[in-house]
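Please open the structure in your viewer and keep a selection panel at hand. The tour goes from whole-chain totals to individual sheets and then to single residues.

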Amino acid sequence: MSDIAQPVIVDPSVIQSRIRMSESLEAQHQQNHEEEDEVMEDDAAAEKMPTFAKLSAHASSSGRTEYRRVRCPPHRYTPLRENWESILTPLVEFLKLQVRFNTRTRSVELKTSPHTADASSLQKGADFVSAFLLGFEVQDAVALLRLDDLSVESFQVTDVKILKGDHLSRAVGRIAGQDGKTRFAIENATRTRIVVADTRIHLLGSYANIRVARNAICDLILGAPPGKVYNNMRNVAKRMNERY
């Protein structure tokens, strides 16, 4: 029994490695350890950071009430009166804004209330009312409240090319097309909404889609045949369907 070798107990604290690292490798090894320690400290600090509740519009403005006033053009009085209920519903029930129509100044006035949750609700409501007063339908203008990447762009026909008399009328006619056919084709291909108000063009949609629709309208103003524009719109619609 005495011939059996006893197990050797090794103290790891006294063992020295026989692998000698160069000074550069040793410095890099030490730097990696320091970076790992810093990351662990940052994670621990991030876990300890306090979280605050989102400020309401009333609190973010230090209790002050903010206003917006949108002037109503004369030709939109009747549509505004007929669609007043459908305009008021999203503004009051969803955005929690206070709305009224000032008959003296002929304008729609909006202001925040203590119940307004989001600070951007007032500006969204003003954009929604402005889009309707420019001529867009209520169902189309409501998209400004639901989506953040939509905008409205306006320009004059004479900004593209200086036209007068019958030449200007023909340019507007080319944009609209027979029974609105050209305008509908551009809207469906670019996923935008277009309003032709005399010599002013209003576009509602995302930035990229508005750019494509604006280029098509500019081609029509400059005298491009509608058939060529239809072909371009068909290609644009095909690319958009492949993308989405």
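Among the contacts in the protein between residues at least 6 apart in sequence, 59% join residues at least 24 apart, and it is worth keeping in mind throughout that the model is a predicted one. With the whole chain selected, 30% of the 244 residues count as buried, while the accessible surface comes to about 17,000 Å², of which 51% belongs to carbon and sulfur atoms. If you colour by secondary structure, the protein shows twelve helices and six strands.

**First stop: the sheet of β1, β2 and β3**

Select residues 67–71, which are strand β1, then residues 98–102 for strand β2 and residues 107–111 for strand β3. Together they make an open sheet of three strands in the order β1-β3-β2, with antiparallel pairing. Its edge strands are β1 and β2, each of which pairs on one side only, and neighbouring strands of this sheet are turned by 20° against each other on average, direction ignored.

Begin with the pair β1 and β3, where five bridges hold an antiparallel arrangement. Showing the residues as sticks, you can find R69 with its bridge partner E109 in β3, and likewise R71 with its bridge partner S107 in β3. Moving to the other side, β2 is also joined to β3 by five bridges, again running antiparallel, and here F101 stands opposite V108 of β3. Follow the backbone from β2 into β3 and you pass through a hairpin with four residues between the strands, where R106 in the turn has a positive phi of about 55°.

How many of the five residues of strand β3 are buried? Four of them are, so β3 is largely enclosed by the rest of the structure.

**Second stop: the helices across this sheet**

Keep the sheet displayed and add residues 84–94, helix α4, which lies across β2 and β3 and runs at about 145° to β2. Then add residues 121–134, helix α5, which lies across β1 and β3 and runs at about 5° to β1.

Next, select R76 and F132 together: the charged end of R76 sits over the ring of F132, 4.7 Å from its centre. A search for pairs of aromatic rings, by contrast, has nothing to show, as the structure holds zero aromatic pairs.

Now select P74, whose place is in the loop between β1 and α3 (77–82). Is P74 buried or exposed? P74 is exposed, with a relative accessible area of 64%. If you draw a distance from P74 to L133, which is 59 residues apart from it along the chain, their C-alpha atoms are separated by 9.9 Å.

**Third stop: the sheet of β4, β5 and β6**

Hide the earlier selections and show residues 150–156 as β4 and residues 193–197 as β5, together with residues 200–206 as strand β6. These form an open sheet of three strands with the order β4-β6-β5 and antiparallel pairing. Both β4 and β5 stand at the edges with a single partner strand each, so one side of each is left without a neighbour in the sheet. The neighbouring strands here are turned by 15° against each other on average, direction ignored.

The pairing of β4 with β6 is antiparallel and extends over seven bridges. Two places to inspect along this pairing are L150, whose bridge partner in β6 is S206, and F155, whose bridge partner in β6 is I201. On the other side of β6, five bridges join that strand to β5, and the two run antiparallel; for an example, select A197 and its bridge partner R200 in β6.

What does the connection between β5 and β6 look like, and which residue there takes a positive phi? The two strands form a hairpin with two residues between them, in which D198 takes a positive phi near 60°.

To close the tour, colour β6 by relative accessible area: this strand is mostly covered, with six of its seven residues buried. For a last view, display β6 alongside β3, of whose five residues four are buried.

Note on methods
Residues are numbered from 1 along each chain as its sequence is written. This is a predicted model: local features need pLDDT of at least 70, side-chain atom pairs count only at pLDDT 80 or more; totals for chains, interfaces and linings use all residues. Side-chain values use heavy atoms; hydrogens and water are left out. Buried means under 20% relative accessible area, exposed over 50%, partly exposed in between (1.4 Å probe, protein chains only). Contact means heavy atoms within 4.5 Å. Accessible areas come from the Shrake-Rupley method with a 1.4 Å probe; for residues, only the protein chains shown count as cover. Two strands pair if DSSP finds at least two bridges between them. Axes are lines fitted to C-alpha atoms, for helices over the stretch in contact, and angles run from 0 to 180 degrees between N-to-C directions. Rings of Phe, Tyr and Trp (its six-membered ring) pair if their centres lie within 6.5 Å; planes under 30 degrees apart count as stacked, over 60 as edge-to-face and the rest as tilted. A charge sits over a ring if NZ of Lys or CZ of Arg is within 6 Å of the ring centre and within 35 degrees of the ring normal.
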